Amino acid sequence: MEQRVVCVRECTQGGLIRCLYEMRKCKGAGIIEIPTGCTEIRCMSDGVNSQMEIMEGLTKAEECSFSRYDRCVGIRLTPGVSVRKEVLEKDPGLKQQLMKQMLSEISLKDRLQEFEQILPEGLLADCPEPVRELVQMLQQNNGCVNVNTCLREMAYSQRRMESLFKEALKLSMKKYAMIVKLQICLGRMEKQIPEVWNDLQFYDQTHFIKSFKTFLSVTPTQYEKNRTEMGVY
């Protein structure tokens with residue numbers, strides 16, 4: 001019998017961390033990673049060897065790096081929150097401590113609580129307040145925001161905000177807005193809602209399909225097939 005990937009999540013209410021997730025039986029599963037606009041800290045293990053990686057700025061769907069491992073535990077940060085890699089590089093012991101904690105066998109809820117307690121000051125960096133404000137506007141409006149109008153209200157030039165935004169999210173404002181829209185579409189597809197692209201400021205269905213394929217490398221129809229047969233993350 002084919003082994004299916006097992007995935008569980010423990011989400012937070014606000015703060016710098018969005019959720020902690022764990023995936024098992026993922027080796028060779030061909031799991032496809034979808035852009036979320038979030039930075040992630042991941043620990044992967046095959047039972048003998050372990051590895052940590054920082055994922056950020058993903059703009060297009062691709063096969064997950066942890067498909068080479070049996071187990072992956074990841075911390076997905078709130079959009080705009082980044083990892084100061086130099087803090088990990090200066091303290092190898094800290095990296096080992098974080099990996100040990102993430103890969104422990106206690107519940108995800110307990111792991112998340114302990115992880116938040118042992119995080120050293122300065123490891124995670126929140127984005128500047130104007131970027132946070134724009135990110136929240138985009139999320140609250142499903143990515144359908146006139147950015148230029150928002151910037152005028154915030155008294156920020158597009159050039160200045162684009163620079164701050166890219167530095168914080170490793171994405172342009174336009175790409176992040178599209179990621180938010182497509183995440184909404186994927187949620188609607190899960191619920192089998194018809195015309196998932198409606199009211200998200202796509203010109204028409206053709207525009208939606210083209211945008212979908214640009215970010216996810218497959219059409220919506222192909223995605224549905226892959227989601228049920230391959231397991232899409």
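Let's start with the largest nonpolar core. A nonpolar core is a set of buried Ala, Val, Leu, Ile, Met, Phe, Trp, Tyr and Cys residues joined through side-chain atoms within 4.5 Å. Buried means under 20% relative accessible area, exposed means over 50%, and partly exposed is in between, with a 1.4 Å probe and protein chains only. The largest core here has 40 residues. Which of them touch the most other members? They are Val-131, Leu-134, Phe-165, Phe-212 and Leu-216.

A word on the model. It is predicted, so local features need pLDDT of at least 70 and side-chain atom pairs count only at pLDDT 80 or more, while totals for chains, interfaces and linings use all residues. Residues are numbered from 1 along each chain as its sequence is written, and side-chain values use heavy atoms, with hydrogens and water left out.

Back to the core. Five elements give it two or more residues: α4, α5 (147-154), α6 (158-169), α7 and α8 (205-216). Helices here are DSSP runs of H or I with at least four residues, strands are runs of E with at least two, and both are numbered from the N terminus. Helix α7 gives the largest share, 10 residues. Apart from this core lies another, of 22 residues. Ile-41, Leu-88, Leu-94 and Leu-112 are among its members. In general, nonpolar side chains in soluble globular proteins tend to be buried together.

Take Leu-216. Contact means heavy atoms within 4.5 Å. Leaving aside neighbours within four places in sequence, Leu-216 is in contact with Ile-34, Ala-61, Leu-182, Leu-186 and Tyr-223.

Next, two helices. Two packed helices are described by the angle between their axes and the distance between the axes. Axes are lines fitted to C-alpha atoms, for helices over the stretch in contact, and angles run from 0 to 180 degrees between N-to-C directions. How do α4 and α7 cross? Helix α4 covers residues 129-140 and helix α7 covers 173-190. Their axes come within 9 Å and cross at roughly 35 degrees. From α4, the contact uses Leu-134, Val-135, Leu-138 and Gln-139. From α7, Met-173, Tyr-176, Ala-177 and Val-180 take part.

Now the loops. Look between α6 and α7 and you find Ser-172. Is Ser-172 buried or exposed? Buried, because its relative accessibility is 14%. Beyond its neighbours within four places in sequence, Ser-172 contacts Glu-162, Phe-165 and Lys-166.

Lys-170 sits in the loop between α6 and α7. Its phi is positive, about 60 degrees, although Lys-170 is not a glycine. Most residues other than glycine have a negative phi. Lys-170 counts as partly exposed because its relative accessible area is 36%. Asn-142, in the loop between α4 and α5, has a positive phi of about 55 degrees and is not a glycine either. At 25% relative accessibility, Asn-142 is partly exposed.

Last, the cysteines. A disulfide is a pair of cysteine sulfur atoms within 2.5 Å. How many disulfides does that rule give? Zero. For Cys-11, the nearest cysteine sulfur belongs to Cys-19, 4.8 Å away. For Cys-144, the nearest is that of Cys-185, 9.1 Å away. Cys-144 is buried, at 17% relative accessible area.
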